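The report below follows one protein chain from its helices to individual side-chain pairs. Please keep the sequence and the model in view while reading.

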Amino acid sequence: MVPRARHLLRAKDLADGRYFEALTVAELARAAGLSPAYFSREFRRVFGESPHQYLLTRRLERAAALLRNTDRSVTDICFDVGLTSVGSFLTSFRRVYGVTPSAYRAGFPPARRHIRIPDCVARAYGRPARTPHV
């Protein structure tokens with residue numbers, strides 16, 4: 001017999017791998033092979049937070065990484081991580097990180113500063129190399 005926590009890990013892996021999609025508790029529960037209500041209770045008991053909160057945390061972590069490492073707009077990042085409301089994103093991000101996404105980004109150098117060579121050289125060497133077929 002497989003422990004229940006093992007089934008819950010299937011749902012957690014689904015949330016980790018597809019955080020950018022509009023996943024529902026019912027879909028996560030189906031992955032775990034449990035009813036939605038029972039799944040929610042067990043998920044909170046085992047992992048210490050609700051499935052919804054876990055998914056939101058994954059999305060906010062990914063958004064923070066994109067803010068640190070790209071120059072993409074806050075709105076684009078919001079939608080790319082699977083959130084549908086910029087206002088809710090700003091509120092949730094501020095609650096978790098203590099600052100707005102723009103202020104968080106200001107604490108890190110722009111992504112262009114990571115490249116210490118001229119743009120033209122980076123573009124030339126960043127292109128895929130064509131190897132002749134023998």
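## A pair within helix α3

Arg45 and Glu42 are both part of helix α3 (residues 36–47), where they sit three residues apart, about one turn of the helix. Helices here are DSSP runs of H or I with at least four residues, strands are runs of E with at least two, and both are numbered from the N terminus. The side chains of Arg45 and Glu42 meet in a salt bridge at 2.7 Å, N to O, a salt bridge being a side-chain nitrogen of Lys or Arg within 4 Å of a carboxyl oxygen of Asp or Glu.

The two partners differ in their surroundings, since Arg45 counts as exposed at 58% relative accessibility, whereas Glu42 counts as buried at 9%. For these classes, buried means under 20% relative accessible area, exposed means over 50%, and partly exposed lies in between, with a 1.4 Å probe and protein chains only. Glu42 also has a sequence-distant neighbour in Leu8, which is 34 residues away along the chain, with 7.9 Å between the two C-alpha atoms.

## Basis and confidence of the model

This is a predicted model, in which local features need pLDDT of at least 70 and side-chain atom pairs count only at pLDDT 80 or more, while totals for chains, interfaces and linings use all residues. Residues are numbered from 1 along each chain as its sequence is written, and side-chain values use heavy atoms, with hydrogens and water left out.

The pLDDT, which is the predictor's confidence in each residue on a scale from 0 to 100, averages 86 over the protein chain, and 81% of the residues score at least 70. Among the elements of the chain, helix α5 (residues 74–80) has the highest mean pLDDT, at 95, and helix α8 (residues 119–126) the lowest, at 68.

## Overall architecture

The protein chain contains eight helices and zero strands, so that the order of elements from the N terminus on is α-α-α-α-α-α-α-α. Of its 134 residues, 29% count as buried. Among contacts between residues at least 6 apart in sequence, 53% join residues at least 24 apart, where contact means heavy atoms within 4.5 Å.

## Packing of α2 against α3

Helix α2 (residues 25–32) and helix α3 have axes that come within 9 Å and cross at roughly 80°. The axes are lines fitted to C-alpha atoms, for helices over the stretch in contact, and the angles run from 0 to 180 degrees between N-to-C directions. The two helices α2 and α3 are therefore roughly perpendicular to each other; angles under 35 degrees count as roughly parallel, over 145 as roughly antiparallel, 65 to 115 as roughly perpendicular, and the rest as oblique.

On the α2 side the contact is made by Val25, Ala26, Leu28, Ala29 and Ala32, and on the α3 side by Pro36, Phe39 and Ser40. By class, the contact of α2 with α3 has seven nonpolar residues, one polar residue and no charged residues. In this scheme Ala, Val, Leu, Ile, Met, Phe, Trp, Tyr, Cys and Pro count as nonpolar, Asp, Glu, Lys and Arg as charged, and the others, Gly among them, as polar.

## Packing of α4 against α6

Helix α4 (residues 51–69) and helix α6 (residues 86–97) pack at an angle of about 85°, with their axes 11 Å apart, and α4 and α6 are therefore roughly perpendicular to each other. From α4, the residues Leu56, Leu60, Glu61, Ala63, Ala64 and Leu67 meet Phe89, Ser92, Phe93, Arg95, Val96 and Tyr97 of α6. The contact of α4 with α6 divides into nine nonpolar, one polar and two charged residues.

Tyr97, in helix α6, is partly exposed, with a relative accessible area of 31%. Leaving aside neighbours within four places in sequence, Tyr97 is in contact with Leu60, Glu61, Ala64 and Tyr104. The C-alpha atoms of Tyr97 and Glu61 are separated by 9.7 Å, although these residues are 36 apart along the chain.

## Other salt bridges

A search of the whole structure finds four salt bridges. One of them joins the side chains of Arg58 and Glu61 at 2.9 Å, N to O; being three residues apart in helix α4, Arg58 and Glu61 are separated by about one helical turn. Arg58 counts as buried at 18% relative accessibility, while Glu61 is partly exposed at 38%.

The side chains of Asp80 and Arg72 also meet in a salt bridge, at 1.6 Å, N to O. Both partners count as partly exposed, Asp80 at 39% relative accessibility and Arg72 with a relative accessible area of 31%.
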